[in-house]
Amino acid sequence: MGSSKAPPRPRAMFLGRVPLPILSRLRSTPQSLWRPFSSQPVWCPRPDTALPSRTFGRHRPCPIIVPLHRHLHASVSADDTSASPRSRRPERVRFAPSPTGHLHVGGARTALFNWLFARHHGGKFILRIEDTDVARSTVESEQAMLRDLHWLGLDWDEGPQLISSAADASGSRSDAAPSTGEHGPYRQSERGALYQSAVKRLVDMGAAYPCFCTEEELERKRREAEAAGRPPQYDGTWRDADPALVHQRMRDGCPYTLRFRVPERAVITIDDVVRGPVSWDANATVGDFIIMRSTGVPVYNFCVAVDDALMGITTVIRAEEHLTNTLRQALILDALGYARPRYAHVSLILGEDRQKLSKRHGATSIDQFAQMGYLPEAMANYLALLGWNDGTERELFAVPELVEAFELERVTKSAAVFDVTKLRWMNGLHLRAMSPERLRATLMPLWAQAGLVAGLPSGAAPADATAPSEEVMVVDPRRSRAFLAHTSELLRGSLELANDSVPLLRQLLEYPLAETLTSGDADELLTDEGGFYTVAREVLAAYDAQQLPLGSGSALSPDDDAEHAFEDDDDEAAELHATAWKTWVNALGKRLKRKGKKLFHPLRLAVTGRMSGPDVGSIVRMLYLADRGVAPSAVLMPQRMQVLRQTLAASRQATATDAMTARSPQATS
């Protein structure tokens with residue numbers, strides 16, 4: 001009954017931490033800001049368009065806003081960086097992922113195309129983080145994506161830095177790594193003030209207005225439009241609302257969004273580098289769309305348009321699913337007076353079932369492929385061919401060759417199919433073409449991690465490999481390096497993935513003679529014609545007589561070898577052993593009157609315990625180098641000969657037993 005209740009304060013709209021009270025601005029904005037710019041005009045009516053009025057509060061009428069040709073620019077305030085014509089500066093492209101996990105191959109292909117384009121033209125590759133999804137965007141997920149880009153070999157000229165330590169790549173957004181570049185911040189979460197400035201300009205121009213429609217009202221209108229066969233778009237309820245009603249709603253604290261005022265009869269056309277000319281009737285396609293939510297958070301398309309403009313992006317290369325976003329972004333860029341970038345929308349990547357590539361198709365992230373043993377240069381080579389070619393049938397490219405050959409005009413419109421089999425084949429070509437030094441550096445950490453070798457000798461692993469502790473270092477690093485050099489070349493021809501080398505090496509270090517003999521696979525060799533037992537007895541006799549080449553280049557027993565200083569593996573040592581082994585095998589063949597597979601198959605089984613594999617003499621050399629703790633799990637020649645001796649003894653015993661059984665009276669009866 002007493003004092004009257006004070007009217008509610010105008011509701012403030014927030015962008016980041018900066019309040020934006022719309023009502024206050026509408027009342028206090030100078031009238032000059034509502035007029036078209038006079039120094040460098042951007043807004044003007046079309047010659048054939050009447051000038052219906054739009055009024056807000058006490059301000060003078062504002063005409064329908066229609067952008068001039070896109071090469072005209074508005075003069076902007078000091079806190080805004082105006083985009084200058086693309087012809088005056090080098091190409092600037094950007095990759096703008098949402099940091100919600102590891103990099104998907106689709107995103108990796110987009111990043112690669114942008115990187116190749118920038119490097120080909122001597123331009124800049126910018127990394128921008130769209131981290132407005134607060135729940136899923138963490139420092140850890142951002143760094144995971146950055147590590148994937150780094151592994152792929154894509155370095156960026158501007159953007160967030162990669163944190164070297166994984167322990168430092170966790171925490172809140174406030175702990176984010178610093179950025180490099182003159183057009184930052186490079187995270188959308190840190191650009192609130194820039195978005196506020198752009199929103200203010202649009203509202204001041206009359207190009208944006210408040211909308212008080214509730215979600216329930218909008219949903220009801222969508223259902224009505226769909227029932228009537230109309231596009232479900234905003235019907236302009238608050239576009240021409242009475243200013244007094246707008247002010248009253250604001251005074252009452254009613255929540256509202258900000259909508260972009262799409263010019264009447266506006267048609268947006270782009271000349272897409274990949275897809276050619278694309279046009280939209282803006283009013284029929286989107287209508288007046290939201291640029292800021294009722295929470296004060298700007299929407300995706302608004303942020304992207306502002307970021308591209310202020311960062312001076314000249315060419316936007318992205319997936320075709322973003323093509324429809326271009327309409328809204330172009331309208332915003334035109335309204336703010338910025339030149340539109342060129343657009344190139346590349347096709348989607350499909351699985352082998354021709355559906356959009358997803359987790360159900362298997363590995364889809366760069367991190368997964370890296371862990372499986374794929375090479376970054378092979379991955380880059382394969383991804384580049386998903387929608388691009390150099391105009392020839394060529395498929396194998398080194399990264400510098402991709403940079404030299406890449407032309408955006410060669411990107412095709414048709415969807416690309418991700419073929420894991422072809423990727424694996426291509427990876428094998430790159431892997432087998434590696435220099436000996438790089439191959440050793442690639443394989444050694446895998447072998448050490450699997451426990452197949454004792455440790456990483458100096459110079460054997462990449463600079464970023466984790467060094468083993470002193471307890472696991474081998475006694476003689478020279479021997480370890482020799483083992484690595486010999487074994488990596490021994491396996492080179494069998495590799496498609498780096499990880500393939502682990503089971504292949506494990507097989508060479510094992511001696512599964514008993515399993516092979518009982519499996520039935522070797523039955524053909526266990527007959528007199530097969531010759532296994534005959535050849536095995538000769539191998540044992542040569543070993544006992546110290547005439548069997550054991551890998552050192554001479555027929556030395558293990559004890560004698562221990563007294564000799566070890567020298568690094570080199571061409572001379574390898575050739576010496578190869579000659580000694582070949583001489584011994586030839587002599588064995590002449591003595592047994594066996595040759596070809598009748599000699600080599602039983603010899604392989606006796607020495608390796610397997611029916612197939614690399615050259616037997618090279619395996620013997622590997623076993624020699626694996627001694628002295630280099631490969632702790634290796635079954636060396638002395639142990640192999642002991643197993644072979646026991647196998648022959650058991651065979652003789654079985655033969656004798658069979659003979660006695662055959663001569664027994666019961667057998668005769």
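A salt bridge is taken here as a side-chain nitrogen of Lys or Arg within 4 Å of a carboxyl oxygen of Asp or Glu. By this criterion the structure, which is a predicted model, holds 31 salt bridges.

One of these joins Glu91 to Arg342, with the closest N and O atoms 3.8 Å apart. Glu91 belongs to the loop between α1 (22-28) and β3, whereas Arg342 belongs to strand β13 (residues 342-346), so the pair ties together parts that are 251 residues apart in sequence. The two partners fall into separate classes of accessibility: Glu91 is buried, with a relative accessible area of 14%, and Arg342 is partly exposed, with a value of 21%.

A second long-range link is found between Asp544 and Arg645, whose side chains meet in a salt bridge at 3.0 Å, N to O. This pair connects distant parts of the chain, since Asp544 lies in helix α18 (residues 532-544) and Arg645 in helix α23 (residues 637-663), 101 residues apart. Asp544 is partly exposed at a relative accessible area of 45%, and Arg645 likewise counts as partly exposed at 31%.

A salt bridge within a single helix is provided by Glu219 and Arg223, at a distance of 3.6 Å from N to O. Both residues are part of helix α5 (residues 215-227); because they are four residues apart there, about one helical turn separates them. Glu219 is partly exposed, with 33% relative accessibility, and Arg223 is also partly exposed, with 48%. Salt bridges further link Arg94, Arg128, Glu130, Arg191, Asp307 and Asp308 in a network.

Attention then turns to the nonpolar interior. In soluble globular proteins, nonpolar side chains tend to be buried together. In this model, the largest nonpolar core comprises 60 residues, and those with the most contacts inside it are Trp447, Phe483 and Leu644. Leaving aside residues up to four places away in sequence, Phe483 touches Trp447, Val453, Leu505, Met622, Leu625, Ala626, Val630 and Ala631. Apart from this core lies another, of 50 residues, which includes Phe125, Tyr374, Leu385 and Leu408.

The surroundings of a histidine were also examined. His430 is located in helix α13 (residues 420-432). Its relative accessibility is 12%, so His430 counts as buried, the limit for this class being under 20%. Beyond residues up to four places away in sequence, His430 is in contact with Leu375, Glu377, Ala378, Asn381, Leu396 and Phe397.

Empty space in the model was considered last. Rolling a probe the size of a water molecule over the atoms shows where such space is left. The second largest pocket has a volume of about 970 Å³. Its lining consists of 34 residues, and those nearest the centre of the pocket are Ser98, His104, Gly106, Gly107 and Glu321. The elements contributing two or more residues to this lining are β3 (92-95), α2 (105-120) and β12 (315-319). Helix α2 supplies the largest share of the lining, five residues. In composition, the lining of the second largest pocket contains 15 polar, 11 nonpolar and eight charged residues.

Definitions and conventions: Residues numbered from 1 in each chain as written. Predicted model: local features only at pLDDT ≥ 70, side-chain atom pairs only at ≥ 80, totals over all residues. Heavy atoms only, no water. 1 Å grid on protein atoms, 1.4 Å probe; cavity = no way out; pocket = protein on both sides within 12 Å on 5 of 7 lines; lining within 4 Å. Points joined across faces, edges and corners; volume = space filled by probe spheres on them. Nonpolar A, V, L, I, M, F, W, Y, C, P; charged D, E, K, R; others polar. Buried < 20%, exposed > 50% of the residue type's maximum accessible area, 1.4 Å probe, protein only. Core = buried A, V, L, I, M, F, W, Y, C linked by side-chain atoms within 4.5 Å. Contact = heavy atoms within 4.5 Å.
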